[in-house]
Amino acid sequence: MEGAGYRVVFEKGGVYLHTSAKKHQDPDSLIAGVIRVVEKDSDVLLHWVPVEEAGDSTQILFSKKDVSGGDSCTSEEEPTFDPGYEPDWAVISTVRPQSRHSEPTRGVEPSSPRGSWAFSVSLGELKSIRRSKPGLSWAYLVLVTQAGGSLPALHFHRGGTRALLRVLSRYLLLASSPQDSRLYLVFPHDSSALSSSFHHLQLFDQDSSNVVSRFLQDPYSTTFSSFSRVTNFFRGALQPHPEGASPDLPPPPDDEPEPGFEVISCVELGPRPAVERAPPVTEEEWTHHVGPEGRLQEVPVLKARIFSGGLSPGLRRDAWKFLLGYLSWEGSAEEHKAHVRKKTDEYFRMKLQWKSVSPEQERRNSLLHGYRSLIERDVSRTDRTNKFYEGPENPGLGLLNDILLTYCMYHFDLGYVQGMSDLLSPILYVIQNEVDAFWCFCGFMELVHGNFEESQETMKRQLGQLLLLLRVLDPPLCDFLDSQDSGSLCFCFRWLLIWFKREFPFPDVLRLWEVLWTGLPGPNLHLLVACAILDMERDTLMLSGFGSNEILKHINELTMKLSVEDVLTRAEALYRQLTTCPELPHNVQEVLGLVPPTEPRSPSPPASPLPLSPTRAPPAPPPPEDTAPQPDSSLEILPEEEEESAES
């Protein structure tokens with residue numbers, strides 16, 4: 001929108017003032033309005049005006065700077081809002097904006113009760129911006145001026161806080177406070193003003209003007225060496241404004257930054273490459289990889305084929321034992337047989353531990369009794385539509401029960417947690433052998449046992465990593481989800497917990513898991529699978545105007561409607577698109593397995609906006625670890641009578 005002497009560069013409706021201090025706002029205490037960023041003459045203004053039913057919301061009330069230094073209108077009845085105090089819910093400042101000489105407008109009359117709340121402030125007068133806690137009702141922003149007062153809190157009922165901050169970053173440097181990640185300190189792009197700000201903050205030991213000069217020439221290296229933690233929304237905020245731009249920024253240095261330093265960068269991804277899936281690995285192709293003494297040859301080539309095409313159904317029973325670490329890729333046939341004999345004895349010793357517990361003993365063992373009850377309940381409803389488990393007296397259900405109870409003896413600390421039966425069911429279906437299925441299940445649990453820990457730290461970390469990837473791949477989708485209170489991606493929890501077991505038809509789950517078990521092309525392909533599903537559904541989510549409840553409902557309704565080949569194709573394309581980016585942030589490289597982690601990862605996802613680390617040169621990959629040889633299994637599923645005799 002343009003007019004005489006001004007240009008609107010940003011406009012967002014549904015921005016409310018809450019004029020009551022009550023937790024549950026009355027309709028009369030909510031003032032709807034429009035927030036705008038306006039370029040007027042040589043100044044940039046942040047302008048909010050209420051929208052009256054009979055008013056013209058397109059009119060803009062422009063305010064001139066108050067050079068009179070008038071007194072604040074605060075009183076004992078209207079205490080100044082303290083930006084350091086953070087209640088569980090947001091209350092606006094009861095301080096009215098200072099009176100300003102305003103130009104006339106045809107919109108809301110300034111004399112009207114609601115019109116008196118309108119305000120306009122120059123961006124140069126802002127000192128800091130406080131953002132609300134993620135996930136708390138409506139997001140809001142509190143703007144604090146250089147004079148120390150705060151403007152009324154802006155509540156974004158339709159989202160848009162991140163979009164506004166992104167626009168502000170074109171004109172200002174937004175640096176997060178080291179003490180409070182939700183408080184953004186505001187610095188102008190003007191180097192003299194920035195130097196003065198640095199001087200007052202005492203961020204540097206050396207001359208501030210010299211620091212600013214180096215900062216504008218090389219923001220990355222200067223920030224690495226000087227800041228303890230600086231967070232900016234986009235790389236454009238670190239560069240001089242385009243009108244006064246000079247040479248391009250030099251590439252970031254290879255020096256390690258100080259711990260805790262993170263920069264939010266605008267990552268320019270290249271085009272997404274085309275990917276074609278290969279046909280499944282056949283039994284004949286597998287046989288060509290079997291060398292003398294039954295040792296597999298060219299294992300990396302074989303794994304790459306499994307990743308690109310999966311396995312034919314008749315081959316899974318043998319191949320899954322290798323993929324899940326039960327049998328060693330380097331072992332011979334004789335070594336496999338010896339290993340199976342050893343593991344068979346070990347399994348039945350553990351099974352005998354709970355089998356030999358009498359009912360009287362179990363009454364005094366609440367932990368074992370609780371595990372047994374939970375397992376019986378979950379097993380009774382696991383994949384009952386599958387022919388392998390259908391029917392009331394199906395022996396497959398008994399094997400599920402026995403394997404899960406034995407796993408409680410194998411992993412005392414973890415025991416049984418709801419959802420484990422979903423992971424065991426496909427393995428037992430394919431392996432069709434109690435002992436082999438147990439050890440394959442143990443191999444799978446080595447990959448995902450953190451998902452079932454009571455602290456849920458692993459799940460929180462994975463959701464944070466998923467958000468990180470999605471923010472790089474599709475920032476608009478992230479902004480939309482955040483605006484609908486779905487930015488935490490909690491609707492993806494079940495996907496990651498049991499590796500999409502309930503999202504795909506049973507045969508597709510087998511294909512998906514064997515591809516993920518290859519560990520190719522990196523350790524977190526399942527996160528890219530989640531990104532691929534969201535990428536496939538982005539238009540439906542964004543164009544349908546879904547709220548948080550509708551988003552959750554839509555995601556749940558995707559169950560059994562997804563094509564595993566389409567999802568895997570897109571996931572691999574996303575991986576290639578990311579890895580070909582020359583400036584991929586370092587923490588994204590860590591998630592993709594391109595570089596080893598340099599420091600322990602936080603157990604929980606960072607508060608929005610999620611930072612992206614600067615790019616670093618990837619070091620040489622670590623050498624592969626040698627694994628002990630593991631033999632094959634020949635023990636078949638035992639009927640109940642044979643099973644009892646084997647135990648004795």
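Before I get to Thr-518, one definition: helices, at least four residues, and strands, at least two, are DSSP runs, numbered from the N terminus. With that, Thr-518 can be placed in the loop between α18, residues 506–517, and α19. What you see above is a predicted model, and I will walk through some parts of it.

First, the overall picture. The protein chain has 648 residues, and 51% of them count as buried. It contains 23 helices and 10 strands. Take the contacts between residues at least 6 apart in sequence: 70% of those join residues at least 24 apart.

Back to the loop between α18 and α19. Is Thr-518 buried or exposed? Its relative accessible area is 7%, and the cut-off for buried is under 20%, so Thr-518 is buried. Which residues does Thr-518 touch, leaving aside its neighbours within four places in sequence? They are Lys-303, Ile-306, Phe-307 and Leu-323. There is also a backbone atom to look at: the oxygen of Val-515 lies 2.7 Å from a polar atom of the Thr-518 side chain.

The loop between α18 and α19 also holds Pro-521. The peptide bond leading from Leu-520 into Pro-521 is cis, and its omega is near -5°.

Now to helix α7, residues 299–309. Its buried residues are Val-299, Leu-302, Arg-305, Ile-306, Phe-307, Ser-308 and Gly-309. Two of those names, Ile-306 and Phe-307, came up a moment ago as contacts of Thr-518. What covers the buried residues of α7? The cover includes α6 (283–288), α8 (316–323), α18, α19 and α21. After α7 comes Gly-310, with a positive phi near 80°.

In helix α8 we find Asp-318. The relative accessibility of Asp-318 is 37%, so Asp-318 counts as partly exposed. Along the chain, Asp-318 and Val-430 are 112 residues apart, yet their C-alpha atoms are separated by 9.3 Å.

Next, helix pairs. In general, two packed helices are described by the angle between their axes and the distance between the axes. I have three pairs to show.

The first pair is α18 and α21, the latter being residues 564–579. These helices pack at about 25°, with axes 10 Å apart. Angles under 35 degrees count as roughly parallel, and α18 and α21 are therefore roughly parallel to each other. On the α18 side the contact is made by Asp-508, Arg-511, Leu-512 and Val-515, and on the α21 side by Val-564, Glu-565 and Leu-568. By class, that is four nonpolar residues, three charged and no polar. Val-515 is the residue whose backbone oxygen we met beside the side chain of Thr-518.

The second pair is α15, residues 457–473, and α19, residues 525–543. Their axes come within 10 Å and cross at roughly 50°. Are they parallel, perpendicular or oblique? At that angle α15 and α19 are oblique to each other, and the crossing is right-handed. From α15, the residues in contact are Gln-462, Gln-465, Leu-466, Leu-469, Leu-470 and Leu-473. From α19 they are His-526, Leu-527, Leu-528, Ala-530, Cys-531 and Leu-534. This contact between α15 and α19 has nine nonpolar residues, three polar and no charged ones.

A general point helps in reading lists of that kind: an α-helix has 3.6 residues a turn, so residues three or four places apart point the same way.

The third pair is α1, residues 161–168, and α16, residues 475–483. The angle is about 130°, and the axes are 9 Å apart. α1 and α16 are therefore oblique to each other. Thr-161, Arg-162 and Arg-166 of α1 meet Cys-478, Asp-479 and Asp-482 of α16. In this contact four residues are charged, one is nonpolar and one is polar.

Last, two residues with a backbone angle to note. Asp-485 lies in the loop between α16 and α17 (493–497). Asp-485 is not a glycine, but its phi is positive, about 60°. Asp-41 is in the loop between β3 (30–40) and β4 (43–50). Its phi is also positive, about 55°, and Asp-41 is not a glycine either. How accessible is Asp-41, buried or exposed? With a relative accessible area of 65%, Asp-41 is exposed.

That is all I have; you can now find these places in the structure above.

Key:
Residues numbered from 1 in each chain as written. Heavy atoms only, no water. Axes fitted to C-alpha atoms, helices over the stretch in contact; angles between N-to-C directions. Parallel < 35°, antiparallel > 145°, perpendicular 65-115°, else oblique. Left-handed = near helix turned anticlockwise from the far one by under 90°. Contact = heavy atoms within 4.5 Å. Nonpolar A, V, L, I, M, F, W, Y, C, P; charged D, E, K, R; others polar. Buried < 20%, exposed > 50% of the residue type's maximum accessible area, 1.4 Å probe, protein only. Polar contact = N/O pair within 3.5 Å; in protein donor to acceptor, adjacent residues only side chain to side chain.
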